[in-house]
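Dear colleague,

I am passing on the structure below, together with some notes on what turned up in it. Please read the notes with the coordinates open beside them.

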Amino acid sequence: MGVAGSTPLLERFSSPVGGNTEASVVRNSDFSADTDADGIADAWQFSSGSKQATCKRERTREGAKGWALALTCPPAEGALKLSTMLAQRDVPVKKGQWYRISFKARAEGLLANSVTMAITNTAKWRSFFPYQRFVPGPTWERFSFEVQSNGTAAKRTRLQIWYSGPGKLWLSNVRVEPIS
């Protein structure tokens, strides 16, 4: 009769569970920009309790266009317990909004039981959601967390990923996407 029907079933398979996503609110989430050539991707900050700790931007093996940040912390001398952190300031969040935070990670020689991730309100030093923990292995793995913000802030926030003790952590494609 000339009437066409469509079944959106196959299209739905490509939509992630948890609803549609919007653009990531993280700047330089793929670590591709390093305009000052300091080895750390633009818009990101690195800190560690060790002066010998490093953060370097590296090409990933997954493709010529992919970038990762490699965070390395050597063993501490004595009883010191050092931590190493990658952070981005002023990541906007809205109260009640759900976010999918995702990235790829791998690690070598981490003594920590897990790596921790949060978005913190630096005006009150409280997290916008419970700390999320993950355990990266020696091969690249995608990690994804769905969290709901308990507050609103466009400034004075900090997305942070950190671990305690020695070891090397690679991170790639860090995204914070609002979801329905």
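A disulfide is taken here as a pair of cysteine sulfur atoms within 2.5 Å, and by this rule the count is zero disulfides. This is a predicted model, in which local features need pLDDT of at least 70 and side-chain atom pairs count only at pLDDT 80 or more, while totals for chains, interfaces and linings use all residues. Residues are numbered from 1 along each chain as its sequence is written, and side-chain values use heavy atoms, with hydrogens and water left out.

As to the fold, the chain comes to one helix and eleven strands (DSSP runs, numbered from the N terminus: H or I of at least four residues for helices, E of at least two for strands). Of the 180 residues in the chain, 43% are buried (under 20% relative accessible area, with exposed over 50% and partly exposed in between; 1.4 Å probe, protein chains only). C55 is among the buried residues, at 7% relative accessible area, and C73 is buried as well, at 3%.

The largest nonpolar core (buried Ala, Val, Leu, Ile, Met, Phe, Trp, Tyr and Cys residues joined through side-chain atoms within 4.5 Å) has 38 residues, and those with the most contacts inside it include F31, W44, F103 and F134. Among the elements that give two or more residues to this core are β3 (67–73), β5 (98–108) and β10 (157–164), and the largest share, five residues, comes from β5. Leaving aside neighbours within four places in sequence, F134 is in contact (heavy atoms within 4.5 Å) with residues including F103, M117, F143, F145 and I161.

There are seven aromatic pairs (rings of Phe, Tyr and Trp, the last by its six-membered ring, with centres within 6.5 Å; planes under 30 degrees apart are stacked, over 60 edge-to-face and the rest tilted). One of them joins Y131 and W162, whose ring centres are 5.3 Å apart with planes at 85°, so the pair is edge-to-face. Because Y131 lies in the loop between β7 (126–127) and β8 (132–134) and W162 in strand β10, this pair ties together parts that are 31 residues apart in sequence. Y131 is partly exposed at 41% relative accessibility, whereas W162 is buried at 18%. Ring pairs also link F103, F134, F143 and F145 into a cluster.

Finally, the charged end of R57 sits over the ring of W67, 3.6 Å from its centre (the rule asks for NZ of Lys or CZ of Arg within 6 Å of the ring centre and within 35 degrees of the ring normal), and the charged end of R106 sits over the ring of W170, 3.7 Å from its centre.

Best regards
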